[in-house]
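Hi,

Here is the structure I promised to send over. Have a look at it first, and my notes follow underneath.

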Amino acid sequence: MKILVYGGCHAGVIRRVLSRHAVGEHQVDMLVNFQLIRSNTPFPYERLPGYDWVVFSPVLNKADWNTEHLEAACRRAGVKTLKFPWLQWGGYWPQAATRKWGAHGEWGLPRLTELGRQREPFERFYDRLFDPATFVDGLSDWVDFTTSRLQANERRGEVDLPVSDWIHQHYRDEQLFLTPDHPSNALYKHLMARIADALGLVLEPGFFSSRLEFQEGVRLPVLPAIQRALGLAFSSAEWGHHEFLGELSYGLREFALSYHVASQVVLRSEEHTSELQ
């Protein structure tokens with residue numbers, strides 16, 4: 001079987017899983033949507049007749065790169081399509097928004113930014129990361145909002161494999177996202193089983209025992225305060241970002257220091273930082 005996977009970072013994981021774990025001989029290629037868009041490169045529609053399937057996430061707001069054109073071209077070429085949603089859900093991180101580090105950015109928590117500017121002693125500020133009262137106001141509304149937004153994206157894109165209901169059902173039991181737009185293995189295993197079933201493929205059983213994260217490189221802690229406020233079965237302390245923290249991973253205390261203005265903690269590098277100064 002010949003498969004083209006088209007999308008962003010999630011598509012990269014899907015391609016790797018199919019290439020490594022689908023039983024049998026298959027050709028799995030990939031095109032990165034944002035690379036084509038940034039370079040103003042047209043989608044290579046002439047390649048489509050060489051594939052049995054195109055697996056992609058919808059693009060709805062990029063004019064010539066909107067995937068409605070891809071779907072129409074696949075119909076003309078007799079190529080089957082399978083649509084999965086853009087995998088973004090921020091329930092573990094209330095009001096998550098971009099936090100800038102020079103030229104780089106990561107997901108951040110505005111509530112911590114607000115508290116960190118109050119210049120209270122660091123240990124008091126650090127205690128807030130364990131106190132559910134820090135985040136309890138509006139937290140359940142935030143979970144509903146981020147779930148509803150994903151559901152709306154699934155409807156607009158008319159995806160074949162919606163995941164929003166499954167996420168809402170299971171998000172308390174195990175960590176489903178490493179950051180708001182980087183799923184964990186738990187969600188990827190669920191999605192990949194459905195993709196393989198739709199394509200008529202079988203994933204070898206070792207795939208479902210994988211422990212190393214398929215989309216490693218960026219981590220945002222799930223704070224103990226959030227765990228208690230939402231009734232999660234887990235919390236996580238790992239903080240990492242390959243673009244400005246390098247290959248190092250930090251813990252919850254360093255994460256708190258990065259928000260605490262009075263601690264004068266700055267990440268100093270134009271390219272990346274290998275240690276907290």
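How many helices and strands are there in the protein? There are ten of each. Keep in mind that this is a predicted model.

On overall shape, the radius of gyration is 20 Å and the globule rule gives 19 Å for 277 residues, so the protein is as compact as a globular protein of that length. Its C-alpha atoms fit a box of roughly 65 × 40 × 35 Å along the principal axes.

Now for the inside and the outside. Buried residues account for 51% of the 277. If you take the contacts between residues at least 6 apart in sequence, 69% of them join residues at least 24 apart. The accessible surface is about 13600 Å², with 48% of that belonging to carbon and sulfur atoms. As for charge, the protein has 29 positive and 34 negative charges, and the mean positions of the two sets are 2 Å apart.

One helix I went through in detail is α6, residues 139-157. With 19 residues at 1.5 Å a residue, α6 should span 27 Å, and its end C-alpha atoms are indeed 27 Å apart. Its buried residues are Leu139, Trp142, Val143, Thr146, Thr147, Leu150, Ala152, Glu154 and Gly157. So what covers them? The cover includes strand β4 (80-83) along with helices α7 (164-170) and α9 (224-230). Right after α6 comes Glu158, which has a positive phi, near 50°.

Cheers

Note on methods: Residues numbered from 1 in each chain as written. Predicted model: local features only at pLDDT ≥ 70, side-chain atom pairs only at ≥ 80, totals over all residues. Heavy atoms only, no water. Helix = DSSP H or I, 4+ residues; strand = E, 2+ residues; numbered from the N terminus. Rg over C-alpha atoms; globule rule 2.2 N^0.38 Å. Buried < 20%, exposed > 50% of the residue type's maximum accessible area, 1.4 Å probe, protein only. Contact = heavy atoms within 4.5 Å. Areas by Shrake-Rupley, 256 points an atom, 1.4 Å probe, with all protein chains shown as cover. Lys, Arg positive; Asp, Glu negative; His and termini not counted. Charge placed at Lys NZ, Arg CZ, Asp CG, Glu CD. Expected span 1.5 Å × (residues − 1).
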